[in-house]
Amino acid sequence: MKINVNGIDHQLEAEPDMPLLWAVRDLLQMTGTKFGCGGGHCGACTVLMDGQPIRSCVTPLSEVKNSKITTIEGVSDNGEHPVQKAWIDAKVPQCGYCQSGQIMSAVALLTTNAAPNDDDIDLAMSGNICRCGTYPRIRQAIKNAAEKIREES
């Protein structure tokens, strides 16, 4: 099966019902995307499919074969995406486990809405759980990244 991840076509020896998460982590050795709940509820496994956030732990390969998948490794080559920089500046992570999924949801939001308000942010991030409770810093980082994106446009 062929899938496109981070702009590169990969030919995988995998069953069509294999979850995308395991293909990315085990077959492609991209371990930035995390396993959390296994049921698509926590958001730790969030990746983008054609720019939209999806839960890779419950998405079979058969659903992504004609799509472009972006993982945390594909957001930027060197951590220079405005969301990644804002995350560091706002000191968002504590344990850090959920961060790749949080960042992927934030990137998707800011791709379609460069000036989100609190309600927009809450809605876009509602599927991502942070056990450490850094939600205020997450919201601030998204606002900071949005401001930077608007300045660069």
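Helix 1 has its buried residues covered by several strands, including strand 1 (2–5), strand 3 (46–49), strand 4 (52–55) and strand 5 (68–70). This is a predicted model. The chain holds 5 helices and 5 strands. No disulfides turn up in a search of the whole structure.

**Helix 1 and its cover**
- Helix 1 runs over residues 20–27.
- Its buried residues are L20, L21, A23, V24 and R25.
- An α-helix has 3.6 residues a turn, so residues three or four places apart point the same way.
- L20 and V24 are both on the buried list of helix 1.
- Strands 1, 3, 4 and 5 are among the elements that cover these buried residues.
- Q29 follows helix 1 and has a positive phi, near 60°.

**Overall fold**
- Along the sequence, the pattern reads β-β-α-β-β-β-α-α-α-α.
- The chain has a radius of gyration of 15 Å, which agrees with the value near 15 Å for a compact globule of 153 residues.
- The C-alpha trace spans about 40 × 35 × 25 Å along its principal axes.
- Of the 153 residues, 45% are buried.
- Take the contacts between residues at least 6 apart in sequence: 57% of them join residues at least 24 apart.

**Surface and charge**
- About 7900 Å² of the chain is exposed.
- Carbon and sulfur atoms supply 49% of that area.
- The chain carries 14 positive and 18 negative charges.
- The mean positions of the two sets are 5 Å apart.

**Cysteines**
- A disulfide is a covalent bond between the sulfur atoms of two cysteines.
- The search of the whole structure finds 0 disulfides.
- C37 is in no disulfide: its nearest cysteine sulfur belongs to C42, 3.9 Å away. The cut-off for a disulfide is sulfur atoms within 2.5 Å.
- C37 has 40% relative accessibility, so it counts as partly exposed.
- C132 is in no disulfide either, with the sulfur of C95 as the nearest cysteine sulfur, at 3.7 Å.
- C132 has 30% relative accessibility and therefore counts as partly exposed.

**Positive phi outside glycine**
- N6 has a positive phi near 55° and is not a glycine.
- N6 sits in the loop between strand 1 and strand 2 (8–11).
- N6 counts as partly exposed because its relative accessibility is 23%. Partly exposed residues fall between the buried limit, under 20%, and the exposed limit, over 50%.
- K91 is not a glycine, yet has a positive phi of about 50°.
- K91 lies in the loop between helix 2 (82–89) and helix 3 (99–112).
- K91 has 61% relative accessibility, so K91 counts as exposed.

**A124 in helix 4**
- A124 belongs to helix 4, residues 118–125.
- A124 is partly exposed because its relative accessibility is 28%.
- Setting aside neighbours within four places in sequence, A124 is in contact with S105 and L109.
- A124 and G39 are 85 residues apart along the chain, and their C-alpha atoms are separated by 19 Å.

Key. Residues are numbered from 1 along each chain as its sequence is written. This is a predicted model: local features need pLDDT of at least 70, side-chain atom pairs count only at pLDDT 80 or more; totals for chains, interfaces and linings use all residues. Side-chain values use heavy atoms; hydrogens and water are left out. Buried means under 20% relative accessible area, exposed over 50%, partly exposed in between (1.4 Å probe, protein chains only). Helices (H or I, at least four residues) and strands (E, at least two) are DSSP runs, numbered from the N terminus. Contact means heavy atoms within 4.5 Å. The radius of gyration is taken over C-alpha atoms; the globule rule is 2.2 Å times the number of residues to the power 0.38. Accessible areas come from the Shrake-Rupley method with a 1.4 Å probe; for residues, only the protein chains shown count as cover. Lys and Arg count as positive and Asp and Glu as negative; His and the chain ends are not counted. The place of a charge is taken as NZ of Lys, CZ of Arg, CG of Asp or CD of Glu.
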